[in-house]
Amino acid sequence: MSKSKTYNITCPSCGTQQEIELHETLNAATDPELKQALLENRLNRVACADCDTTFRVDMPLLYSDPSHNILIHWIPETKTLSREQIIDDFDESLEQINGMLPADIKAPSVRLVLTRVELVELLFMIEAGMNPRVVEYVKYSIYTRNMEMVDPAKYRLLLNVQDSTDEELLFAMQNIETQELDKVLRYGRAAYDSMCELYKESPDEFIEMFPGPCISARNLLLDDAADEVG
Ligand SMILES: [Zn+2]
């Protein structure tokens, strides 16, 4: 079941307030139409009753997909809640939850994303049967080989699953500040496939690099940079 709640929302353009029902949890199995709305950027979107403005209300969303045994928390960054804070808080509560679970329970895998685009990217990856850790490893090598052009502080790399081919994976560079999509970078599918083989043989190195729940090359690089400044 998906859950929603009514909120008093203020239009950012004209200040009109209205009562709006917003979704807090989304079950992809029971409510595929909500999943579709999320993919099409229609979920939790508000049309102002007074002016023509439509806007999206970003708030924490718990996405569950029982068919893939996965729970994805989308916790948006805000002015008062930073990326580091979200990840730290989440790690802590996840540890508590895991501590309370009986040992014989097969808990769903839990993921954390901070933006809608990352959530959508992850959903496409899961459905295409791709390995998110290997994808982030690929991104990591793209970042580190092209630091000048693809600065993780300025750009997010997003795998475009739909437009990727048997030969190439396509990664879009998204400008963090403007949210606009910049260049498209191509990466050989064969190299990705052989890394997946490597993962099957020894997953430990990948898991150590990206333990989760937030599996993100960009976060790893930003954390490393912050440590260096330190
Ligand atoms: Zn308005």
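This report describes the sheets, the nonpolar core, a helix contact and some single residues of a predicted model.

**The five-stranded sheet**

Five strands form an open sheet in the order 1-2-5-6-7, and their pairing is mixed. Strand 1 and strand 7 (109-113) are the edge strands, each of them pairing on one side only. On average, neighbouring strands in this sheet are turned by 25° against each other, direction ignored.

At one edge, strand 1 pairs with strand 2 (residues 17-27) in the antiparallel sense, over eight bridges. Two of the residue pairs can be named: K3 has T25 of strand 2 as its bridge partner, and Y7 has I20 of strand 2. The two strands make a hairpin, with six residues between them. In the turn of this hairpin, G15 has a positive phi of about 85°.

Strand 1 covers residues 3-10, and zero of its eight residues are buried, so the strand lies largely in the open.

**A residue inside strand 5**

S64 belongs to strand 5. Is S64 buried or exposed? S64 is buried, because 20 other C-beta atoms lie within 10 Å, and 20 or more is the count required for a buried residue. Leaving out residues up to four places away in sequence, S64 touches N27, A28 and L71. With A28, the C-alpha to C-alpha distance is 6.2 Å, although S64 and A28 are 36 residues apart in sequence.

**The three-stranded sheet**

Another open sheet has three strands in the order 8-9-10, with antiparallel pairing. Its edge strands are strand 8 and strand 10 (181-188), and each pairs on one side only. Here neighbouring strands are turned by 30° against each other on average, again with direction ignored. Strand 9 and strand 10 run antiparallel and are joined by six bridges. Within this part of the model, A172 stands opposite V184 of strand 10.

**The largest nonpolar core**

In soluble globular proteins, nonpolar side chains tend to be buried together. The largest nonpolar core in this model has 29 residues. Those that touch the most other members are L26, Y63, I72, W74, V113, V134 and L157. At least two core residues each come from helix 1 (32-39), strand 5 (61-65), strand 6 (70-74), strand 7, helix 3 (116-127), helix 4 (132-145), strand 8 (155-160) and strand 9 (168-175). Helix 4 gives the largest share, four residues.

W74 can serve as an example from this core. With residues up to four places away in sequence not counted, W74 touches P60, L61, Y63, V113, R116 and L119. Of these contacts, Y63 and V113 are also named among the core residues that touch the most other members.

**Helix 4 and helix 7**

Helix 4 also meets helix 7 (residues 217-229): the two axes come within 8 Å and cross at roughly 50°. At this angle helix 4 is oblique to helix 7. On the side of helix 4 the contact is made by E136, K139, Y140 and Y143, and on the side of helix 7 by A217, L220 and L221. Five of the residues in this contact are nonpolar, none is polar and two are charged.

**Backbone exceptions**

Most residues other than glycine have a negative phi, and most peptide bonds are trans. N69 and Q179 are residues other than glycine with a positive phi, as the table shows.

| Residue | Phi | Place |
|---|---|---|
| N69 | near 50° | loop between strand 5 and strand 6 |
| Q179 | near 70° | loop between strand 9 and strand 10 |

How many C-beta neighbours inside 10 Å does N69 have? N69 has 11, and therefore counts as exposed. Q179 is exposed too, with 10 other C-beta atoms within 10 Å. The limit for an exposed residue is 12 or fewer.

The peptide bond from G212 to P213 is cis, and its omega is near 0°. P213 sits in the loop between helix 6 (204-209) and helix 7.

Definitions and conventions
Residues numbered from 1 in each chain as written. Predicted model: local features only at pLDDT ≥ 70, side-chain atom pairs only at ≥ 80, totals over all residues. Pairing = 2+ DSSP bridges. Axes fitted to C-alpha atoms, helices over the stretch in contact; angles between N-to-C directions. Core = buried A, V, L, I, M, F, W, Y, C linked by C-beta atoms within 7 Å. Contact = placed C-beta atoms within 7 Å. Parallel < 35°, antiparallel > 145°, perpendicular 65-115°, else oblique. Nonpolar A, V, L, I, M, F, W, Y, C, P; charged D, E, K, R; others polar.
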